[in-house]
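Here is a quick tour for anyone meeting this protein for the first time. We'll go from a few annotated residues to the empty spaces around them, and finish with a serine elsewhere in the chain.

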Amino acid sequence: MANPEVTVIDYGMGNIYSVTRALEACGATVKLTDSPEDIVSAQLLVLPGVGAFKDGMEELRSRGLVGPIGDYARTGRPLLGICLGMQMLMERSEEFGEHEGLGLIPGNVVAIPNTAEDGGRHKIPHIGWNELKKTAALSWDGSILEGINEDNTAYFVHSFTCVPLNESHRLADSQYNGRRISAAIQSDNVYGCQFHPEKSAQTGLKIISNFLSLT
């Protein structure tokens, strides 16, 4: 059986090297592109990202990629957003003002409170390893989290968190000193990981392998 081909959107704001290496370690052939045609025709599509929401969306718009990403999502083929890439799947973000996202999953991106649940201050950004917890989705079977246990940890680096309008779109949460964090989201064929699976050791590689098996 041929290796799955994954198209990774290269728009100047992703940790492309780490993502590519992780995908290849899981058996994928990787195509880096900022071509609208490549995106629409992809077998599997990954939208990575680090940095600010506004800058990420501006880079996608300047390359004419917003429409093609939406067109791809509507084909029903698997799409995975990572970190900033997950946040841009949402309708809008409040980071440095209000900015429109790709609108593939209803909801907003909001700042993580700079205080813990007990009122004490904690560090922002939220950086480090955190456990993945089930949500209203209940079962992870058939998703990118199939075979993951709730005590498995993943690596996070972020200051903002997604708040899906529909609770069922929360695939997994994490807790940061009592504050609820969207760790993973899903709407049909569209997935997002706030954590970095490419930096999350065996748990991350399992999640990437699950994504590759969705075709």
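## Around the active site

Let's begin with Glu-198, which sits in the loop between β14 (190-193) and α6 (201-212). Keep in mind that this is a predicted model. Glu-198 counts as buried because its relative accessible area is 13%, under the 20% cut-off. Setting aside neighbours within four places in sequence, Glu-198 is in contact with Asn-15, Ser-18, Val-19, Ala-22, Ile-82 and Ile-208. With one of these, Asn-15, there is also a polar contact: the two side chains are joined at 2.5 Å.

Why start there? The UniProt record, an unreviewed entry, places the feature "active site" at Cys-83, His-196 and Glu-198. These residues span 116 residues in sequence, yet no two of their C-alpha atoms are more than 10.8 Å apart, so they gather at one spot. Of these residues, Glu-198 is included in the lining of the largest cavity.

Now for Cys-83. You'll find Cys-83 in the loop between β4 (79-82) and α5 (84-87). With a relative accessibility of 7%, Cys-83 is buried. Leaving out residues within four places in sequence, Cys-83 is in contact with Gly-49, Val-157, Cys-193, Gln-194, Phe-195 and His-196. That list includes His-196, which the record also places in the "active site".

## Empty spaces

On to the gaps. The structure holds one cavity of 30 Å³ or more. Here is how the largest cavity and the largest pocket look side by side.

| Space | Volume | Lining by class |
|---|---|---|
| Largest cavity | about 50 Å³ | nine nonpolar, no polar, one charged |
| Largest pocket | about 180 Å³ | six nonpolar, five polar, one charged |

Which residues line the largest cavity? They are Val-19, Ala-22, Leu-23, Val-46, Leu-80, Ile-82, Pro-197, Glu-198, Ile-208 and Phe-211. Several of these names should ring a bell: Val-19, Ala-22, Ile-82 and Ile-208 are among the contacts of Glu-198. As for the elements behind the lining, α1 (16-25), β4 and α6 each supply at least two residues. The most comes from α1, with three residues.

The largest pocket has its own cast: Val-50, Gly-51, Cys-83, Leu-84, Gln-87, Glu-95, Pro-125, Val-157, His-158, Ser-159, Phe-160 and His-196. So far as annotated residues go, Cys-83 and His-196 both appear in this lining. Among the elements, α5 and β10 (153-158) each supply at least two residues of the lining. Val-157, a contact of Cys-83, is in the pocket lining too.

## A buried serine

One last stop is Ser-182, which belongs to strand β13 (residues 179-187). Is Ser-182 buried or exposed? At 1% relative accessibility, Ser-182 counts as buried. A polar atom of the Ser-182 side chain lies 2.6 Å from the backbone oxygen of Cys-162. Not counting residues up to four places away in sequence, Ser-182 touches Met-86, Thr-161, Cys-162, Pro-164, Arg-170, Ala-172, Asp-173 and Gln-194. Gln-194 is a familiar name as well, being one of the contacts of Cys-83.

Notes:
Residues numbered from 1 in each chain as written. Predicted model: local features only at pLDDT ≥ 70, side-chain atom pairs only at ≥ 80, totals over all residues. Heavy atoms only, no water. UniProt positions renumbered as here; feature names shortened; annotations may be inferred. 1 Å grid on protein atoms, 1.4 Å probe; cavity = no way out; pocket = protein on both sides within 12 Å on 5 of 7 lines; lining within 4 Å. Helix = DSSP H or I, 4+ residues; strand = E, 2+ residues; numbered from the N terminus. Buried < 20%, exposed > 50% of the residue type's maximum accessible area, 1.4 Å probe, protein only. Contact = heavy atoms within 4.5 Å. Polar contact = N/O pair within 3.5 Å; in protein donor to acceptor, adjacent residues only side chain to side chain. Points joined across faces, edges and corners; volume = space filled by probe spheres on them. Nonpolar A, V, L, I, M, F, W, Y, C, P; charged D, E, K, R; others polar.
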